[in-house]
Amino acid sequence: VTVEQANAARLSAVLRRLVTSPAIVHLVIGFTLASFAQGGLAAFTQAYFVRAFGLSYGQVGLLFGLSGGIASAASLIITGRLTDRGAIADVRWHAWWPIVGVALSIPCSIMAYTVGTWPIAVAWSFANSFFIGWFILPTLSALHKLVGVRSP
């Protein structure tokens with residue numbers, strides 16, 4: 001057996017495990033759906049602020065560049081810590097934190113698009129960005145744990 005054959009055999013076993021594990025499949029589907037929602041909101045929000053509040057693209061870029069960056073960084077740091085602490089007691093917190101975050105992001109998103117002033121809308125949009133990012137680290141952490149260091 002050559003090195004290439006051994007590596008191919010390992011790769012096929014890993015791929016088989018990825019597509020046959022219900023937990024991995026569900027995590028990937030959830031991650032994908034949350035990513036689509038997050039990306040769709042990101043694409044829509046800036047144009048909405050230009051049209052609804054008359055802000056320039058420069059103002060919107062500055063507002064969302066700063067607030068989005070801060071919200072994303074805070075989201076990753078906090079959910080990383082929450083997941084580490086929660087998973088010690090119950091590994092299912094890898095799934096609960098994304099559910100909680102996405103659920104909390106929904107009313108924030110609704111508020112961001114229904115309030116009448118742009119500063120309040122930016123604050124709600126910040127909260128939305130913060131909470132919707134809660135799916136990233138717990139899901140990736142769960143996937144790493146399920147796949148393992150030396151798969152299969």
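These legends go with a set of close-ups of a predicted model.

**Figure 1. The whole chain is built from helices.** Count along the protein chain and you get six helices and zero strands, in the order α-α-α-α-α-α. The C-alpha trace spans about 65 × 35 × 20 Å along its principal axes. The radius of gyration comes out at 19 Å, while a compact globule of 152 residues would have one near 15 Å. Buried residues account for 32% of the 152. On the outside, the chain exposes about 9,200 Å², with carbon and sulfur atoms supplying 72% of that area. Take the contacts between residues at least 6 apart in sequence, and 73% of them join residues at least 24 apart.

**Figure 2. A look into the largest nonpolar core.** Ten residues make up this core: Tyr-48, Phe-49, Val-50, Phe-53, Leu-55, Val-60, Phe-64, Val-115, Ala-121 and Val-122. Helices α2 (22-53), α3 (57-89) and α5 (118-132) each chip in at least two of them, and α2 gives the most, with four residues. Zoom in on Leu-55 and, leaving aside neighbours within four places in sequence, you'll find it in contact with Phe-49, Val-50, Val-60, Leu-63 and Trp-118. Apart from the largest core lies another one of seven residues, including Ala-71, Ala-127, Phe-131 and Trp-134.

**Figure 3. Ser-125, a buried serine in α5.** Ser-125 sits in helix α5. Its relative accessibility is just 6%, so it counts as buried. Setting aside residues up to four places away in sequence, Ser-125 touches Thr-45, Phe-64 and Ala-112.

**Figure 4. Phe-44 meets Tyr-113, edge-to-face.** A search of the whole structure turns up 13 aromatic pairs. In the one shown here, the ring centres of Phe-44 and Tyr-113 are 5.3 Å apart, with 65° between the planes. This pair ties together distant parts of the chain: Phe-44 belongs to helix α2, Tyr-113 to the loop between α4 (93-112) and α5, and 69 residues separate them. Both rings are partly exposed, Phe-44 with a relative accessible area of 41% and Tyr-113 with 21%.

**Figure 5. Tyr-48 and Phe-49, and the ring cluster around them.** The ring centres of Tyr-48 and Phe-49 lie 5.8 Å apart and their planes are at 85°, so this pair is edge-to-face. Tyr-48 is buried, at 17% relative accessible area, and Phe-49 is buried too, at 0%. Step back a little and ring pairs link Phe-44, Tyr-48, Phe-49, Phe-53, Phe-64 and Tyr-113 into a cluster.

Methods: Residues are numbered from 1 along each chain as its sequence is written. This is a predicted model: local features need pLDDT of at least 70, side-chain atom pairs count only at pLDDT 80 or more; totals for chains, interfaces and linings use all residues. Side-chain values use heavy atoms; hydrogens and water are left out. Helices (H or I, at least four residues) and strands (E, at least two) are DSSP runs, numbered from the N terminus. The radius of gyration is taken over C-alpha atoms; the globule rule is 2.2 Å times the number of residues to the power 0.38. Buried means under 20% relative accessible area, exposed over 50%, partly exposed in between (1.4 Å probe, protein chains only). Contact means heavy atoms within 4.5 Å. Accessible areas come from the Shrake-Rupley method with a 1.4 Å probe; for residues, only the protein chains shown count as cover. A nonpolar core is a set of buried Ala, Val, Leu, Ile, Met, Phe, Trp, Tyr and Cys residues joined through side-chain atoms within 4.5 Å. Rings of Phe, Tyr and Trp (its six-membered ring) pair if their centres lie within 6.5 Å; planes under 30 degrees apart count as stacked, over 60 as edge-to-face and the rest as tilted.
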